[in-house]
Amino acid sequence: MRLIITYYGYMDGSGEYYIVVDSEKCNGCGECITQCPKQVLEITRTIVDLEEQLVAAVKEEHRKNIKYTCSACKPEKATPPCVSACGRKAITCIWKPKVP
Amino acid sequence: MSEENRQYWRWREYHLVIPERKPKGSNIITAGVDVGSVSSKAAIMVDGQVYSVSIMRTGSSSSDSAKKVMEWALEGTGLKLSDIHYIVGTGYGRVNVPMAHNTLTEIACHAKGANYIWGPTVRTILDVGGQDIKAIKCDEKGKVLAFLMNDKCAAGTGRGMEVLADLLKIPIEDMGEMSLKVDEEPDPVSCTCVAFARTEAMGLLRRGWSREKVLAAYMRAMAIRMCNLLERVGCERDLVVTGGQSRNIGIIKRLERMLGMNTLPPPKWEENGLDPMAAGAIGAALFAKSLYEKTKSQHNSRG
């Protein structure tokens, strides 16, 4: 089992927003990268059980900016392009606005 | 140093060697270097046992900090950099660790390190670093299962505490204890930004709040944020806190109260080197051992 789920995002007064990558499903194909309008994603090399694996990740410089960078793609009306790009359903998007 | 010029934010940098672990002849010597946004940590291990640990402030250059903290860890060990078989770099500045044979994300290293420090019962790790908070779920072997990284900015982290220490003129090591000296928990500060939190804290002081009360309000806000993060990944026993804020009793106590769950207390790291703040470096050194053994066995099998 190499289940690693990574949540990139934030939680604040407006609600919570996460881009979630499931490394068990991701095969590092990079299709999501080509579909992201803001070039937020990249393929990184990680070591799982001492074996190298390629997996999609949010770039280091974007990790604290998701609120702004990814706001246009919030899953309110349409599915975000990174999510629909992945045939393996490795990327999901969580957006839970805070109800006042 | 006069009261005027005292640097309240300055936390203790240290270096510790455990003499009884001294390497002899054929041991595997590995090291982990964790360059964080605020502090740099290095750990040297002999056959997977912590031999030397050093923690210092990260300077303006990640690679210089990595070199310095590694040199410090080597001090008094009689070892040279070339005696170390394998070095793994990790942390925010991991790409800038010049002597590393490999780099790994700090998430994997923290989980591994926490598993080593506290044992196989650890399931949830909250790493409160200099500029961000991370929640990690792991299995009994210290393998990462889920990982959540938050946040937009640095409030509620080590750097925020440094700013507050300076503002309130309280030595940073005393802040946690002091924040618990309130009769009643005040409302948490509302700001999630260091710059604004500073302004907010000043406003509260002007309104006549005691320093203890301001600290309590600030730490309560931090603990609430941590709680929210843990809820998202699902907080399972045993819970541990790593990173610089593992030293902050004011945060730990509040977090435990809110979660209704105790954290595992840190071991006697002043004696055995198992410092929760160095969990990332310790984990990296453990990975270094596994990776070294793997390369060696591959080399051997190729003949």
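Q: What share of the contacts in chain B with a separation of 6 or more comes from residues 24 or more positions apart?
A: Such residues account for 73% of those contacts in chain B. A pair counts as a contact when the C-beta atoms lie within 7 Å. Note that this is a predicted model.

Q: Why does the radius of gyration of chain B agree with that of a compact globule?
A: Set the two values side by side. For 303 residues, the globule rule gives a radius near 19 Å, and chain B has 20 Å, so the two agree. The C-alpha trace of chain B spans about 75 × 45 × 30 Å along its principal axes.

Q: What makes up chain B in helices and strands?
A: Chain B holds 9 helices and 10 strands. Of its 303 residues, 51% are buried.

Q: Why is strand β8 of chain B called largely enclosed?
A: A residue is buried if 20 or more other C-beta atoms lie within 10 Å of its own. In β8(B), residues 133–138, 6 of the 6 residues are buried, so the rest of the structure largely encloses this strand. Ile133(B), Ala135(B) and Lys137(B) point one way, Lys134(B), Ile136(B) and Cys138(B) the other way, and all are buried. In a regular strand, side chains alternate between the two faces of the sheet.

Q: How do you know that β7(B) and β8(B) pair?
A: Pairing needs at least two bridges. Strand β7(B), residues 124–128, and β8(B) have 5 bridges, in the antiparallel sense. They therefore count as paired. Asp127(B) stands opposite Lys134(B) in β8(B). A hairpin of 4 residues joins β7(B) to β8(B).

Q: What makes β1 and β6 of chain B edge strands?
A: The open sheet has 6 strands in the order β1-β4-β3-β2-β5-β6 (chain B), with mixed pairing. β1 (14–17) and β6 (102–103) of chain B each pair on one side only.

Q: How do you know that β3 and β4 of chain B pair?
A: The cut-off is at least two bridges. β3 (39–46) and β4 (49–57) of chain B have 8 bridges and run antiparallel. They therefore count as a pair. Lys41(B) has Ile55(B) as its bridge partner in β4(B).

Q: Which strands does helix α1 of chain B lie across?
A: Helix α1 (62–74) lies across β1, β2 (29–35), β3, β4 and β5 (86–90) of chain B. The helix runs at about 40 degrees to β3(B).

Q: How many residues does each chain bring to the contact?
A: Chain A brings 15 residues and chain B brings 20. On the side of chain A that touches chain B, β1(A) gives the most, with 7 residues. By class, that side has 9 nonpolar, 2 polar and 4 charged residues.

How values were computed
Residues numbered from 1 in each chain as written. Chains lettered and ligands numbered in written order. Predicted model: local features only at pLDDT ≥ 70, side-chain atom pairs only at ≥ 80, totals over all residues. Helix = DSSP H or I, 4+ residues; strand = E, 2+ residues; numbered from the N terminus. Contact = placed C-beta atoms within 7 Å. Axes fitted to C-alpha atoms, helices over the stretch in contact; angles between N-to-C directions. Nonpolar A, V, L, I, M, F, W, Y, C, P; charged D, E, K, R; others polar. Buried ≥ 20, exposed ≤ 12 C-beta atoms within 10 Å, placed from the backbone. Rg over C-alpha atoms; globule rule 2.2 N^0.38 Å.
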